[in-house]
Amino acid sequence: MRIEFPLWKPVLIAGASLAVVCACAIGGPGYDGYEGAGYVGGYYEPWGYDYGGWGRGYRVGPPRRGFGRDGGHGSPGGRPTHVGRPAPSIPGRPRR
Amino acid sequence: MDRGAAAAEHLPKTTSMEKQTMKVLLDRHRRRASHGVAALAGLLACATLPAEGASAATPLQLPAITDAAAMEHHPGKVIWADLVTPDLAAAERFYGGLFGWTFQDIRAGDFDYAVATLGGHPVAGMFQKPIPAGQHRQPAWLTFIAVRDVEEASREALSHGAKSLAPPKTYAGRGGQAVFTDPQGAVFAVLASSSGDGSDYLAAPGEWIWSSLLTGDPGRSAGFYKAVFGYDVFDLPSDDGAQHVILAADDYARAGIHTLPPGHRHPHWINFIRVADASRSAAQAVALGGRILVEPHADRHGGQVAVVADPMGAPIGLMEWSDQYTQDEAELK
């Protein structure tokens, strides 16, 4: 005598549970996606910030108004650029 | 007729009592299997629901990012930054000592957050959470860019190649925010502030003055941020072989995009705090347990910039900006 029970159900759910646990453990695209108390923000970045290599001339700051004139570079990637017009600076008005 | 009874009916040469006994055994076996299914379903629910449950139990209310009465909106302006750190108390000691910030702690359940203020004005947020066990992660400041509608901005970002790290969510007091990686992998956030974006003024020492994106292809990145935030894009002269781009809105420079220097692997945003003396602040950062990542050096505007790491490793920029520049601008107009 052979009697079959629907054992595929617990097997399927166990597999789904395992998949969920594995997905949580592996995480997203290199970032830690934990949301404490539902807060969206606060992401640990992948390790590996290298801050060497800022050689002479590597400047990241804003231009001063009227001093950082556009050098007439092309339009990489086809994006529009303002050629010849000076780049604006940061706000200069002091807080009231 | 249920399946157990049907199976018992088809058993050959069995007495009525034997059939009844068999039916009871089969029913018991079936109930055990059903209980197992229910237990596994419960386990699955427990594995997937805790974040939602915590969220429902402790709804977050965050302070407004600006105390200005005027509801000004400046899409594209960098209006906020959140630090993620494994040690909030240590972060408060470091940033309080370096910039004179004071802190308003907000705790709800497992949520440890602090709002940094300077002169009574909100400056930044700090969020404590443990670094996942066994993982080598980098504490970092998350850059928030102003948008009018977080849902619309999210659709725009995703349609131009961004990936969502956290979908739009609204917090009472603050507004709606969402987190993404841009097409080259740099993390940024958008914020539709319910209190407005604050007026445009020159940052005081201790406040954010500038933001830079270091990335592999500045031209491609500029195209993405222009499409999502509507920036005007300016190329800057370069004598270092790197490409430097300014993103502008409202006729103000809002951020820079720069080619990753040699040896850098990971595209990322970095934000700069205005300081009176970058060399002195960098030395002070070391005295407070931090370290210098980029030594102070002159930048294009004439002032010094430096990059330091806090004691937990999060990088932050220091930038001098002389009030004399403002006077020069006034004379130019």
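Helices, such as α4(B), are taken here as DSSP runs of H or I of at least four residues, numbered from the N terminus. In this predicted model, G100(B), which lies just after α4(B), takes a positive phi of about 75°. Helix α4 of chain B itself comprises 12 residues, 88-99, for which a rise of 1.5 Å a residue gives an expected span of 16 Å, and the distance of 16 Å between its end C-alpha atoms therefore agrees. The buried residues of α4(B) are L88(B), A91(B), F94(B), Y95(B), L98(B) and F99(B); because they cover an arc of only 125° around the axis, they are placed on the same side of α4(B). Against these buried residues pack the strands β1 (78-85), β3 (111-118), β4 (121-128) and β14 (268-275), together with helix α7 (278-287), of chain B.

Helix α6 of chain B, residues 218-229, likewise has 12 residues and an expected span of 16 Å, with which the 16 Å between its end C-alpha atoms agrees. Nine of the 12 residues of α6(B) are buried, so this helix is largely enclosed by the rest of the structure. Among the buried residues are P218(B), F224(B), Y225(B) and F229(B), and what covers the buried residues of α6(B) includes α5 (150-159), β6 (140-146) and β10 (208-215) of chain B. Just after α6(B), G230(B) takes a positive phi of about 75°.

The largest nonpolar core contains 101 residues, and F144(B), L247(B) and L318(B) are those with the most contacts inside it. Leaving aside residues up to four places away in sequence, F144(B) touches V78(B), I79(B), W80(B), A81(B), Q177(B), A189(B), V190(B) and L191(B).

Methods
Residues are numbered from 1 along each chain as its sequence is written. Chains are lettered from A and ligands numbered from 1 in the order in which they are written. This is a predicted model: local features need pLDDT of at least 70, side-chain atom pairs count only at pLDDT 80 or more; totals for chains, interfaces and linings use all residues. A nonpolar core is a set of buried Ala, Val, Leu, Ile, Met, Phe, Trp, Tyr and Cys residues joined through C-beta atoms within 7 Å. A residue is buried if 20 or more other C-beta atoms lie within 10 Å of its own, exposed if 12 or fewer, and partly exposed in between; C-beta atoms are placed from the backbone. Two residues are in contact if their C-beta atoms, placed from the backbone, lie within 7 Å. Helices (H or I, at least four residues) and strands (E, at least two) are DSSP runs, numbered from the N terminus. The expected span of a helix is 1.5 Å times one less than its number of residues. The arc is that of the directions from the helix axis to the C-beta atoms.
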